[in-house]
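Visitor: I am new here and would like to look around. Could you show me the structure, and may I ask how you know what you tell me?

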Amino acid sequence: MLQKISIQQLTLGMYVEKIETEIPQTKVIKPGFIRRPEVIEKLMHSGVKSIWIDTTRHLESGMAQHQQSLYRGKYASLGADIDKARELIDISKQQITRLFNDIYANKPIEIEPLEKLGLSIVENIFERQHAVAWLSGIRDKSAYLMEHSLNVAFLLVNFGKYLGFDRKTLQELAIGGLVHDVGKVLVSDEVLHKPGKLTPEEFDHMKLHQVFSQPVLDSIPDLSQVARDVSLMHHEKLDGNGYPKGLKGKQIHTIGRMSSIVDIYDALTADRCYKKAMSPSEAFKVMMSLTPYHLDPKLLRSFIQCIGFYPIGSLIELADGRVGLVWKENLDDFSRPVVKLFYSVKSGRFRDVQYIDLKKRQDLRIARATNEAVLGICVDAFR
Ligand SMILES: [Fe+2]
């Protein structure tokens, strides 16, 4: 996947596809990895402003390479898992896009492809939860509805697995996540893609997506009650002020309550053109403020424990100013994950990639969860 970054963001190990410069005679000889610091300096002095890098390729350098090799033995399966998780995500995106197109074209929706995809999501989350969590954190801003539907499916399966649900129910939860917002396909594009806050009238129109969802769900043969509840209850609130039915208290059972939590969490942690993504801990704070009138406090606490304050793929800042991504959880101590460090807030510069197991480095401490907006950097290349 190609991504444009500024020359200041270019670091050792990145794969450069092409450069952009105002000086016409400056050319990249051929695409390749940045193996030596002199190359970056040369590009800077040549007036290069922007670089197109392939975010799927990264060469670890120097010390980082040594550390990477140490970790490689320990986490040998991660590379293969990531490949399989990527395959799942690609296939899922294609199928959701097809589903949305069929709804828009008023074509009949079959349950079998949804069941297969739901099963595949459950299997992948059981077999390679880390890799799925890692990759699903990389979003394509231009396809929000599709990404959101897929993430809600992943999150619901994770949450249900944490709560001890059986695999059949988890599969139904996955299908529920995939179809939970199908009515939005029929909402006016102007409102759906508005880059900002909706007016009260526009919000009323947006709420109609729940009305539009009902006949679509009714038309899918053998859609389970669990999947229907995910879709039709994710905007209900415990105090009865939600929609479409204004259900109250016990009328909204566990599946509906879980769906509201997951839907809000994914929306808050998503990067949109009009707002920056919140870190998981910031989102949890906002969500706690929505209890007990909107969200179920006990279930929300379980969800927070399930996701963790430092989920895989989230950005953290250490007390010494080094910044990186949470790379792997330590199952017996979620507060001290393995981190992949590559930036320093002190120098304001990217640095050699370094992997550190915080459980073995008790002298180091996570100061805070952070995000790209706060730091003013893009970290996609390190995912
Ligand atoms: Fe919705």
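Visitor: What makes the span of helix α6 close to the expected one?
Guide: Helix α6 covers residues 167–179, 13 in number, and its first and last C-alpha are 19 Å apart. The expected span is 1.5 Å times one less than the number of residues, and for α6 that gives 18 Å, which the helix comes close to. Please keep in mind that this is a predicted model, where local features need pLDDT of at least 70, side-chain atom pairs count only at pLDDT 80 or more, and totals for chains, interfaces and linings use all residues. Numbering starts from 1 along each chain as its sequence is written.

Visitor: Why is α6 called largely enclosed by the rest of the structure?
Guide: A residue is buried if 20 or more other C-beta atoms, placed from the backbone, lie within 10 Å of its own (exposed: 12 or fewer; partly exposed: in between). Ten of the 13 residues of α6 are buried, so the name fits. Among them are Leu170, Ile175 and Val179. In the whole chain of 383 residues, buried ones make up 37%.

Visitor: How do you know which strands are the edge strands of the five-stranded sheet?
Guide: Strands are DSSP runs of E with at least two residues, numbered from the N terminus, while helices are runs of H or I with at least four. Two strands pair if DSSP finds at least two bridges between them. The open sheet runs β8-β7-β6-β5-β9, with antiparallel pairing. Strands β8 (349–357) and β9 (366–370) each pair on one side only, and that makes them the edges.

Visitor: What makes β7 and β8 a pair?
Guide: They share six bridges in the antiparallel sense; one joins Val338 to Asp357 in β8.
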